[in-house]
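Let's take a walk through this structure together, going from strand pairing to cavities. Please have your viewer ready, and we will start with the vocabulary.

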Amino acid sequence: MKYLYSLALCLCLQTVLSAQFPPGGGFGGQTNTIKGKISATIIDSISSNPVGYATIVLKKSEKTKEIDGTLSDESGKFKFEGLKKGIYDLYISFIGYDDKVIKGVELTPKKPDATIDKILLAPANYVLDAVEIKDQRSLVEMKVDKIVYNAEQDASIAGGDATDVLRKVPTLSVDLDGNVSLRGSQSVRILINGKPSGMFSNNVADALKMFPADQIKSVEVITSPSAKYDSEGSSGIINIITKKSNIEGVAGSVDLSVGTRQNSLSGNLNAGKGRFGSSLSGNMFYSFPNNGSFTSNRTVDYGNGELGTYVSEGPSRSNWIGANASANMFYDFNAYNSINLTGSLRGFGNNSDSIVGQPIISSLIDPVYNIDQSIARATNSGFTQGGYDVSLDYTKKFEEQKDREFVLAAQLSGNIQNTFFDVNERISVLDSALIINNRNTENQGSNVEYTLQTDYTHPFAKGRKLEIGAKGVVRELGSSFDENFKYGQQVLAAYSQFSFVIKKFQFTTGLRYENTSILGLDEIYNEIPGIDEAECSLNYQNLFPNISISKSLKNFSSLKLSYNQRIQRPSLFYLNPFTNNADIYTLTTGNPLLCPETVDQIEFSYNTFIKGFGIFSSVFYKFIQNPIEAFVFVDELQAVTNYINVDQNQSFGLNLFATKNVNKVTARGGFNLYTYNAKGIIDGIERTKKAVPFDMFVSGDYAITATLKADLFGFYRARTQTLQGSSTSFWMTGIGFRKEFKKSSLGLRIIDPFNANKSFNSDAGFDGDIPWTTVQGHTFTTENNFTVPFRSIGINYKYKFGKVDFKERKSKIKNDDMKQNESQGGQGGGGQGG
């Protein structure tokens, strides 16, 4: 009987408990809505010290989508709260440590909280020159030997061109025309995927406008190149890495950008199987016609109170169009021998013409020569440019030594540019009849380069490494303006470089020899205005030493001290004697007798990571001999712009960049400050000039969600200087958004939303009454002012297809030895002088 009582009691208890705690629910019959958390402490596995400011990313188990992210605090602790039940993975990373993944952290209704006592991070076995300071999204990486800007992470550049990307790279400065400066000098060499391109052999600013930003993966800036690089590029090297890669599998993408100013369409296809791979890519670019206006004022002082004046003003309109295509193929004979073939074609152009019914109006008053004229000018001008690059590399690796390598490479590069001017003038002369003057001018400039190069790397024990190589470059430059202008250049080079470590100091020492021969200048161009004779030898030899010493410190800091000597040879833009005479009172020409610049540079840099701030700083000193500068001289109110070697320029400078992560926000900022202290003889007068130009920038990004990002930026560039004058300041702001989908992305880009037009004149910017350009001589002053449309809005859509494993290949050729143009406008006479 007592068993029946016991059974009845159990049934009653079961009924009561079921009512209080229903299956699958919580207390009081509620469903399970409890939230959990994951917390842990990150510890150095060797010192047992906490690791603060490490990056932790939370993902669902075996998923790629990021759910949340955070940084550890100063005591190494972090916490994720408000998590649903499930299984999670933790991804932990920090500079100087191996990345670590904690998988299978499970939260259940019964155990909603997970506490990991210690997560041990092991210090990485790294070489000093591989240490980097990076933000959470790695948009900017500050390495000991270079700065890397990962453009593909930036939403605000979608739909822009390469100048938009370079404006956001620390230490670089880009003016309104697209001319790139590094530490105040435009003597910089630009490479594409580690090799030269003929597209930059003449006018860099024009070429960069034809390069869609969406095709750029990253930009590397090397301020102190070693001996293995060509000695050319006196300020340093800019290496643009594109998104083209060789892969295992089949994949591709299509990218479309449409905007109020610029439009582009690009695509690429990659295919690879086993030891063979190939890729194809192409893009087209078009800008709508932009309507602006300009004013130019020139005054000549004849003495005794007599002044001659030339004033020109009117509307302007221009547009751009371009396209390029490239192909790459590689084949691995085995694990130690491979070849890589790359080819590209390009074509682009610019057209500038007068607006119908709105000619350019000029007035000329010269009391000495009794001239009083009014000129109505209608123009149609522009240029077209086409070119090609073909390179073939053979690489041999060695089974017994991992980093031992031999490379043999050859490259052929060519570029042809046609410049044209059609001018119709109606000249009204005081007390005379109307004069009609029509003229047509055309010039074809060409540049062909042949390159052969070999490099050998041999590693030794204890981190020592020897690198040796040789290179030959033959250049053939020509201009149809003068059939006698056949400019040939031969450069033969050899280098040796040795790296080693002594008591935690890493040394890299090197020496590069170059022999340069100039051919085809047997006849001196005495007719070139302002030029008498060559002031340097047409055949010269140089030894270029370099040394760098670097050391890692505690808190993941590093120091580096370096010295190098470099050279900058003038390119076709500076050499071409073709004269731009669209305006016969404002001419531009080149100087085939220019000497190369030589530069000695000392740099000291310090990188560190303090309380979540990544900081890169450097100070430098440069002594430049024979710097190439534009100069203007005036004869009877006719101004001629040419290029000369001034005596010297000394420059002290400071670069500073910092980045900081706060949850989903990353902020960046910095500035570049340097001195201009030059002297030289201009117009027969010895001149000196001192100034302190600078530029500064800020940028940031915000992860609105895991798939929606926002980027914004702003910069200010102070006036640039020459011995004769200066150019006004320039500033810009922008914002971009990008939404990522599974196989596509959609972006929005807005540039200067509150400025439909920008006027670079006496009333604009931060310079008060300083005009856009001011050039002063001992008898004349000329000022140029202009207004251009500026605000732009664009959208970008990208679609990806296929799935591959990437195996990137790059050519070993880097022709870094030609000074590029400083101004817009095509060949030697392409730009408008003042």
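Two strands pair if DSSP finds at least two bridges between them. Strands themselves are DSSP runs of E with at least two residues, helices are runs of H or I with at least four residues, and both are numbered from the N terminus. The model is predicted, so local features need pLDDT of at least 70 and side-chain atom pairs count only at pLDDT 80 or more, while totals for chains, interfaces and linings use all residues. Residues are numbered from 1 along each chain as its sequence is written, and side-chain values use heavy atoms, with hydrogens and water left out.

With that in hand, look at strand β14. Its partner β10 (residues 147-149) pairs with β14 in the antiparallel sense over 3 bridges, and here Val148 stands opposite Glu220 of β14. β14 also runs antiparallel to β15 (residues 236-242), joined by 6 bridges; in this pairing Ile222 faces Ile237 of β15. How many of the residues of β14 are buried? The count is 6 of its 7 residues, which makes β14 mostly covered. Here buried means under 20% relative accessible area, exposed means over 50%, and partly exposed lies in between (1.4 Å probe, protein chains only).

Step back for a moment to the whole protein. Its secondary structure comes to 4 helices and 51 strands. Of the 834 residues, 53% count as buried. Among the contacts with a separation of 6 or more, 68% are between residues 24 or more positions apart, where contact means heavy atoms within 4.5 Å.

Now return to the loop between α3 (204-209) and β14 (216-222), where you will find Met210. Is Met210 buried or exposed? Met210 is buried, because its relative accessible area is 5%. Leaving aside neighbours within four places in sequence, its contacts are Asn283, Phe285, Trp320, Ile321, Gly322, Asn324 and Phe348. You can also pick out Gly160, which is 50 residues from Met210 along the chain; their C-alpha atoms are separated by 9.8 Å.

Asn324, one of those contacts of Met210, leads us to a cavity. On a 1 Å grid over the protein atoms alone, a cavity is a set of points where a 1.4 Å probe fits but cannot get out, and lining residues have an atom within 4 Å of a point. Grid points are joined across faces, edges and corners, and a volume is the space filled by probe spheres set on the points. Searching the whole structure gives 15 cavities of 30 Å³ or more. The second largest has a volume of about 410 Å³. It is lined by 27 residues, and the closest to its centre are Ile192, Phe211, Asn324, Ser326 and Ser344. At least two lining residues come from each of β18 (276-287), β20 (306-332), β21 (337-353) and β23 (371-398), and β21 gives the largest share, 5 residues. By type, the lining of this second largest cavity divides into 8 nonpolar, 14 polar and 5 charged residues. In this scheme Ala, Val, Leu, Ile, Met, Phe, Trp, Tyr, Cys and Pro are nonpolar, Asp, Glu, Lys and Arg are charged, and the others, Gly among them, are polar.

Next come two open sheets. In one, 4 strands follow the order β3-β2-β5-β6 with antiparallel pairing. Its edge strands, each pairing on one side only, are β3 (66-71) and β6 (100-107). Neighbouring strands of this sheet are turned by 20° against each other on average, direction ignored; the axes are lines fitted to C-alpha atoms, for helices over the stretch in contact, and angles run from 0 to 180 degrees between N-to-C directions. Within the sheet, β2 (residues 55-60) and β3 run antiparallel with 5 bridges between them, and Val57 stands opposite Gly69 of β3.

The other open sheet also has 4 strands, in the order β31-β32-β36-β35, and its pairing is mixed. The strands at its edges are β31 (580-583) and β35 (628-635), each paired on one side only, and the twist averages 25° from one strand to the next. β32 (residues 586-588) and β36 (residues 638-645) run parallel, joined by 3 bridges, with Leu587 opposite Val640 of β36.

Our last stop is β39 (residues 676-682). Its covered face consists of Tyr676, Ala678, Gly680 and Ile682, and its uncovered face of Asn677, Lys679 and Ile681. β39 pairs with β37 (residues 648-662) in the antiparallel sense over 3 bridges, where Lys679 of β39 is the bridge partner of Gln648. β39 also pairs with β40 (residues 685-691), again antiparallel, over 7 bridges, and there Ile682 has Ile685 of β40 as its bridge partner.

Conventions. 1 Å grid on protein atoms, 1.4 Å probe; cavity = no way out; pocket = protein on both sides within 12 Å on 5 of 7 lines; lining within 4 Å.
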